[in-house]
Amino acid sequence: MGEWFNTGVSKTPRLISLAGSNPAPSANFIMKNHERYMREALKEAVKAFENDEVPVGAIIVHKGEIIGRAHNQIKTLKDPTAHAEIIAITQAANFLQSERLIDCAMYSTLEPCSMCAGAMVLSRIKNLIYAAKDPKTGAHDSVFKILGSKKLNHRVKVKSGILEREASSLIKEFFYGKRKSKT
């Protein structure tokens with residue numbers, strides 16, 4: 001599939017404890033953890049790609065542990081709601097035995113759509129870190145502004161652009177293959 005994807009990390013990363021008298025984490029430490037977790041989401045996106053699904057992957061992290069991981073399965077499950085983010089939210093809710101994903105972070109390879117953004121608000125996810133913007137259906141920066149809307153009872157903190165090049169390359173390769181096969 002080319003050089004766009006490098007897993008880098010072979011086992012699930014864990015955050016070190018920042019409690020007590022330890023100093024605040026450095027920006028470099030935080031960025032490296034964002035990249036590690038986004039690589040896990042990219043692994044899920046590759047699974048979607050290999051199954052002829054739009055290559056989007058998502059993971060949910062709680063207290064340094066991945067408690068939900070998924071990739072798009074819309075065609076596989078014949079379910080228009082089987083987006084990576086929705087499946088990961090369901091897994092995390094089952095793991096925590098709660099409909100509230102308080103203190104959880106979601107890592108997604110693509111800016112979420114309005115359905116997924118709504119589910120994040122309803123589940124009270126604290127943070128979203130995503131790789132690439134979605135200019136057609138993105139619900140934070142691109143088309144809608146759901147995650148930060150003051151009209152809603154919960155707002156999600158968002159950081160974008162983590163491993164954007166890798167995620168964008170995967171999506172472009174997928175759709176290039178689709179266009180090429182139609183000719």
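"Partly exposed" here means a relative accessible area between the 20% that marks the top of buried and the 50% above which a residue is exposed. Keep that in mind for Lys178, which is partly exposed because its relative accessible area is 25%. The model you're looking at is predicted. Its five strands make an open sheet, and eight salt bridges turn up in the structure.

**The sheet**
- Read across the sheet and the strands come in the order β2-β1-β3-β4-β5, with mixed pairing.
- β2 (65–71) and β5 (157–160) sit at the edges with a single partner strand each, so one side of each has no neighbour in the sheet.
- Going from one strand to the next, the twist averages 15 degrees.
- In general, strands of a sheet pair through backbone hydrogen bonds, and they can do that parallel or antiparallel.
- Strand β4 (residues 127–132) and β5 run parallel, joined by four bridges.
- Want a spot to look at? Find Ile129, which stands opposite Lys159 in β5.

**Helix α5**
- Helix α5 covers residues 164–182 and lies across β3 (104–110) and β4, at about 60 degrees to β4.
- You can check its length yourself: at 1.5 Å a residue, the 19 residues of α5 should span 27 Å, and the end C-alpha atoms are indeed 27 Å apart, so the two agree.
- The buried residues in α5 include Glu166, Ala167, Ser168, Leu170, Ile171 and Phe174.
- Glu166 also has a charged partner: it forms a salt bridge with Arg165, and the closest N and O atoms are 3.9 Å apart.
- That pair is a nice contrast, as Glu166 counts as buried at 11% relative accessibility, whereas Arg165 counts as exposed at 64%.

**Salt bridges between separate parts of the chain**
- Which residue does Asp52 meet in a salt bridge? Its partner is Lys178, with a distance of 2.4 Å from N to O.
- This pair links distant parts of the chain, 126 residues apart: Asp52 is in the loop between α1 (27–50) and β1 (57–62), and Lys178 is in helix α5.
- Asp52 is partly exposed, because its relative accessible area is 33%.
- Lys126 and Asp103 make another salt bridge, where the closest N and O atoms are 3.8 Å apart.
- Lys126 is in the loop between α4 (114–123) and β4, while Asp103 is in the loop between α3 and β3, so this pair ties together parts 23 residues apart in sequence.
- Both partners are partly exposed: Lys126 has 36% relative accessibility, and Asp103 has 47%.

**A salt-bridge network**
- Some charged residues join up as a group: Glu40, Lys43, Glu44, Lys47 and Arg69 are linked in a network of salt bridges.

**A proline in a loop**
- Pro80 belongs to the loop between α2 (74–77) and α3 (84–96).
- Is Pro80 buried or exposed? Pro80 counts as exposed, because its relative accessibility is 62% and the cut-off for exposed is over 50%.
- Even so, Pro80 has contacts: leaving aside residues up to four places away in sequence, Pro80 touches Ile74 and Met115.

Technical notes:
Residues numbered from 1 in each chain as written. Predicted model: local features only at pLDDT ≥ 70, side-chain atom pairs only at ≥ 80, totals over all residues. Heavy atoms only, no water. Pairing = 2+ DSSP bridges. Helix = DSSP H or I, 4+ residues; strand = E, 2+ residues; numbered from the N terminus. Axes fitted to C-alpha atoms, helices over the stretch in contact; angles between N-to-C directions. Contact = heavy atoms within 4.5 Å. Buried < 20%, exposed > 50% of the residue type's maximum accessible area, 1.4 Å probe, protein only. Salt bridge = Lys/Arg side-chain N within 4 Å of Asp/Glu carboxyl O. Expected span 1.5 Å × (residues − 1).
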